[in-house]
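Open your viewer and switch to a cartoon view. We will go from stop to stop, selecting a few residues each time.

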Amino acid sequence: EAVFQPRDAGAVSRLVALAAQFNVPAVALGGNTGLVGGGVAFGGIILSLAKMNRIRTVDAANAALVAEAGAVLQNVQEAADAAGLLFPLSLGSEGSCTIGGNIATNAGGTGVLRYGNMRDLVLGVEAVLPDGQIFNGLSALRKDNAGYDLKHLFIGSEGTLGIVTAAVLKLFPKPRTRVTAFVGAATAAHI
């Protein structure tokens with residue numbers, strides 16, 4: 001029924017709180033590249049995170065980057081590259097998919113066997129809860145045993161437990177070389 005384009009977590013918070021108060025469904029929309037219909041609203045409102053697309057910080061010393069949910073994956077990769085590092089998530093839609101959607105779907109991509117899926121690449125999240133409260137878990141700590149690791153509730157939840165508005169992403173050293181091989185086998189048993 002309506003599309004909103006908030007510019008920060010505070011605006012998302014206010015919109016979600018109003019939607020909850022009036023019992024109006026709210027669906028977050030990222031790059032709209034998903035194939036399962038998670039960003040399709042059937043009534044209610046759409047919260048397009050396209051204007052929340054900043055890369056807030058790149059910390060080369062800690063190999064971490066803070067990006068807003070609407071940041072396009074390719075822009076995150078380029079920011080990491082400019083710092084001499086690598087953000088390894090790579091998808092066919094990397095020129096239009098967004099970090100928030102990648103987190104909501106726990107994206108894997110072509111480097112998943114070496115680097116893991118999105119769950120393995122997120123150090124912390126900021127998210128708006130269904131009642132409009134803001135959960136601030138934007139920590140870049142690699143080991144934090146101070147309590148529950150709540151970021152994992154949001155990763156892969158398709159926005160059902162909250163709308164991710166920003167994330168701290170783990171960066172890696174860039175590979176020095178790349179080698180491509182084409183290997184054939186007579187049968188699957190020979191692999």
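Which residue in β5 does Asp59 stand opposite? Select Asp59 and look across to β5: the residue there is Ala64. Keep in mind throughout that this is a predicted model.

**Stop 1: the hairpin of β4 and β5**

Now select β4 (55-59) and β5 (residues 64-68). The two strands pair in the antiparallel sense over 4 bridges. They form a hairpin with 4 residues between them. Click on Ala63 in the turn: Ala63 has a positive phi of about 50°.

**Stop 2: the open sheet of 5 strands**

Widen the selection to the whole sheet. Its strand order is β4-β5-β9-β7-β8, and the pairing is antiparallel. The edge strands are β4 (55-59) and β8 (134-137), and each pairs on one side only. From one strand to the next, the twist averages 15°.

Step across the sheet from β5. Strand β5 pairs with β9 in the antiparallel sense over 5 bridges. Select Leu65 to see one such position: Leu65 stands opposite Leu169 in β9.

Move on to β7 (residues 122-128), which pairs with β9 (residues 163-170) over 6 bridges in the antiparallel sense. Here Glu126 has Ala166 in β9 as its bridge partner. Add helix α1 (residues 9-21) to the selection: the helix packs on this sheet and touches β7, β8 and β9. The direction of α1 makes about 45° with that of β7.

Finish at β8. Strands β7 and β8 run antiparallel and are joined by 4 bridges. One pair to select is Ala127 with its bridge partner in β8, Phe135. These strands also form a hairpin, with 5 residues between them. In that turn, Gly132 has a positive phi of about 100°.

**Stop 3: inside β5**

Go back to β5 and show its side chains. In a regular strand, side chains alternate between the two faces of the sheet. On one side of β5 are Ala64, Val66 and Glu68, on the other Leu65 and Ala67, and all are buried. Why is β5 described as largely enclosed by the rest of the structure? Because 5 of the 5 residues of β5 are buried.

Select Glu68 alone. Is Glu68 buried or exposed? Its relative accessible area is 2%, and buried means under 20%, so Glu68 is buried. Show the side chains of Arg54 and Arg56 too. The side chain of Glu68 makes a polar contact with that of Arg54 at 2.8 Å. It makes another with the side chain of Arg56, at 3.4 Å. Beyond residues up to four places away in sequence, Glu68 touches several others, including Lys51, Met52, Ile99 and Thr165.

**Stop 4: Thr165**

Follow that last contact to Thr165, which lies in strand β9. Thr165 is buried, with a relative accessible area of 0%. Leaving aside neighbours within four places in sequence, its contacts include Ala9, Val12, Glu68, Ala69 and Glu126.

**Stop 5: the open sheet of 3 strands**

Now select β1, β2 and β3. They form an open sheet in the order β1-β3-β2, with parallel pairing. The edge strands are β1 (2-4) and β2 (26-29), each pairing on one side only. The twist averages 25° from one strand to the next. Between β2 and β3 (residues 45-48) there are 4 bridges. Pick out Ala26: its bridge partner in β3 is Ile45. Helix α1 packs on this sheet, touching β1, β2 and β3. The direction of α1 makes about 170° with that of β3.

**Stop 6: a pocket**

Switch on the surface. The second largest pocket holds about 430 Å³ of space. Of the 18 residues that line it, the closest to its centre are Leu86, Pro88, Tyr115, Pro175 and Arg178. Elements giving two or more residues to the lining are α2 (73-82), β6 (85-86) and α4 (112-115). Which element gives the most? Helix α2 does, with 3 residues.

**Last stop: Asp144**

Select Asp144, in the loop between β8 and α6 (151-154). Asp144 is partly exposed, with a relative accessible area of 42%. Add Leu123 and draw a line from C-alpha to C-alpha. Asp144 and Leu123 are 21 residues apart in sequence and 9.9 Å apart in space.

Definitions and conventions:
Residues are numbered from 1 along each chain as its sequence is written. This is a predicted model: local features need pLDDT of at least 70, side-chain atom pairs count only at pLDDT 80 or more; totals for chains, interfaces and linings use all residues. Side-chain values use heavy atoms; hydrogens and water are left out. Two strands pair if DSSP finds at least two bridges between them. Axes are lines fitted to C-alpha atoms, for helices over the stretch in contact, and angles run from 0 to 180 degrees between N-to-C directions. Contact means heavy atoms within 4.5 Å. Buried means under 20% relative accessible area, exposed over 50%, partly exposed in between (1.4 Å probe, protein chains only). A polar contact is a pair of N or O atoms within 3.5 Å; within protein, one must be able to donate a hydrogen and the other to accept it, and residues adjacent in sequence count only if both atoms are side-chain atoms. On a 1 Å grid over the protein atoms alone, a cavity is a set of points where a 1.4 Å probe fits but cannot get out, and a pocket is an open set with protein on both sides within 12 Å along at least five of seven lines; lining residues have an atom within 4 Å of a point. Grid points are joined across faces, edges and corners, and a volume is the space filled by probe spheres set on the points.
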